[in-house]
Structures are given as C-alpha cells and as structure tokens.
Amino acid sequence: MRVIGVISDTHGLLRDEALARLQGSDLILHAGDVGDIGIIRRLSEIAPVRAVRGNTDGGDLAEALPETDVIDLTSPHGSVSTEGRGPLAYLMHGHRALELDPVAAGFRVLIHGHTHQPSVSERDGVLYFNPGSAGPRRFNLPVTVGCLRIEGPDVAPEVVDLDVD
C-alpha cells in the first residue's frame with residue numbers, strides 16, 4: 001500500500017500537527033495557497049512533494065509552481081510514465097474553473113483546495129478530494145490534512161482533523 005499525504009491552504013503556516021500527520025507519506029501533494037516556499041522545502045524532508053500555486057501565491061511561488069499538475073499515484077515522485085501507470089490524479093487549487101473533463105482525461109482523482117472546507121465525493125468514477133485547510137483557521141472550519149491510501153487501482157481517501165485551537 002502507498003500513502004499519499006495531501007495538504008492545502010497553508011498560507012505560510014506549517015503546523016507541527018500537520019507535519020506529524022504527514023510523517024510516513026510516500027508522496028505529499030500540496031493543492032495551493034502555499035504562502036512560503038520554505039513550506040515545500042520542509043515537506044520535502046518527509047517525502048517527495050508535488051505542489052501547485054493558489055490564488056494567493058504570487059512572486060517567487062507563482063514562478064516556481066505550476067497552476068495544475070498530473071500525478072501518477074503509484075510513482076515514487078508522482079511522475080507520469082508510459083509503463084507502470086497507476087491511478088492518475090489531477091492537482092489544482094480550485095479558484096479557477098476546471099477546463100477539462102476528468103473522466104475523458106482518464107483521471108481517477110481530482111484534488112483541490114481553495115474553499116478551506118474538507119470534502120470527499122465521487123462522480124462518474126472520479127474521486128473529488130479537498131483536504132481542507134492546514135494553515136490559519138478560517139471562520140469556524142476545521143484545520144485538516146488528507147491522506148490517500150493507494151492499493152492497485154483502489155484509492156481510499158481520509159480527511160484528518162488536526163485538533164488545534
């Protein structure tokens with residue numbers, strides 16, 4: 001089994017609780033609004049990281065991070081190759097309209113952030129996963145990260161409440 005840590009909307013705050021929950025991940029995906037490139041560096045001490053920029057990521061982050069990414073959930077670094085291709089995920093922040101049909105594109109998972117509200121749903125065989133926000137609390141929404149457990153073609157999502165004040 002492969003464990004993919006999923007985090008979003010850190011907005012410059014990487015909590016110790018988030019780091020603890022992401023320990024043991026084989027790969028970490030950040031769905032934007034990173035806030036500080038140091039967060040990507042710190043996450044990469046745990047596992048390889050793939051990240052996209054969000055609507056608040058300007059300057060160096062906007063230049064360093066793509067707007068979207070395609071991830072092979074079985075690849076050590078998430079890179080897509082022609083052999084050994086596992087379930088594919090489309091990583092985006094979510095502040096812009098989705099410009100593709102995830103079913104037609106062959107995606108099993110669409111990962112996004114932006115709303116700060118964790119959610120898990122499935123439509124037409126595609127898992128839509130928002131890990132919520134791991135950064136500063138917004139309104140009275142929970143502070144959360146996510147986890148995807150990959151076993152063959154199966155993807156099991158989990159949202160983890162960090163129980164912070």
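Biologist: Why is Glu17 called partly exposed?

Modeller: This is a predicted model. In it, Glu17 has 35% relative accessibility. Buried means under 20%, and exposed means over 50%. The value for Glu17 lies in between, so Glu17 counts as partly exposed.

Biologist: Where is Glu17 found?

Modeller: Glu17 is in helix α1. It also helps form a negative surface patch, together with Asp16, Asp161, Asp163 and Asp165.

Biologist: What makes that patch negative?

Modeller: Its members are Asp and Glu residues. Asp and Glu count as negative, so the patch is negative too. A patch residue needs over 30% relative accessible area. Glu17, at 35%, passes that cut-off.

Biologist: Now the loop between β1 and α1. Is Asp9 buried or exposed?

Modeller: Asp9 has a relative accessible area of 0%. The limit for buried is under 20%, so Asp9 is buried. This residue sits in the loop between β1 (2-7) and α1 (16-22). It has a positive phi of about 50°, although it is not a glycine.

Biologist: How do you know that His11 is partly exposed?

Modeller: Its relative accessibility is 30%. That falls between the 20% and 50% limits, so His11 counts as partly exposed. His11 is also in the loop between β1 and α1. Its phi is positive, about 45°, and it is not a glycine either.

Biologist: Why is strand β9 called largely enclosed?

Modeller: β9 covers residues 144-151. Six of its eight residues are buried, so the rest of the structure largely encloses the strand.

Biologist: What makes β1 and β9 a pair?

Modeller: Two strands pair if there are at least two bridges between them. β1 and β9 have five, so they meet the rule. They run in the antiparallel sense. Arg2 stands opposite Ile150 in β9.

Biologist: How do you know that β9 and β10 pair?

Modeller: Use the cut-off of at least two bridges again. β9 and β10 (residues 154-161) have eight bridges, so they pair, in the antiparallel sense. Gly146 has Val159 in β10 as its bridge partner. The two strands form a hairpin with two residues between them. Gly152 in the turn has a positive phi of about 60°.

Biologist: What joins β7 to β8?

Modeller: Five bridges join β7 (residues 119-123) to β8 (residues 126-130), and the strands run antiparallel. Arg123 is partnered by Val126 in β8. β7 and β8 form a hairpin, with two residues between them. In that turn, Asp124 has a positive phi of about 50°.

Methods:
Residues are numbered from 1 along each chain as its sequence is written. This is a predicted model: local features need pLDDT of at least 70, side-chain atom pairs count only at pLDDT 80 or more; totals for chains, interfaces and linings use all residues. Side-chain values use heavy atoms; hydrogens and water are left out. Helices (H or I, at least four residues) and strands (E, at least two) are DSSP runs, numbered from the N terminus. Buried means under 20% relative accessible area, exposed over 50%, partly exposed in between (1.4 Å probe, protein chains only). Patches are made of residues with over 30% relative accessible area and no salt bridge: like charges are joined within 9 Å, nonpolar side chains (Val, Leu, Ile, Met, Phe, Trp, Tyr) within 5 Å. Accessible areas come from the Shrake-Rupley method with a 1.4 Å probe; for residues, only the protein chains shown count as cover. A salt bridge is a side-chain nitrogen of Lys or Arg within 4 Å of a carboxyl oxygen of Asp or Glu. The place of a charge is taken as NZ of Lys, CZ of Arg, CG of Asp or CD of Glu.
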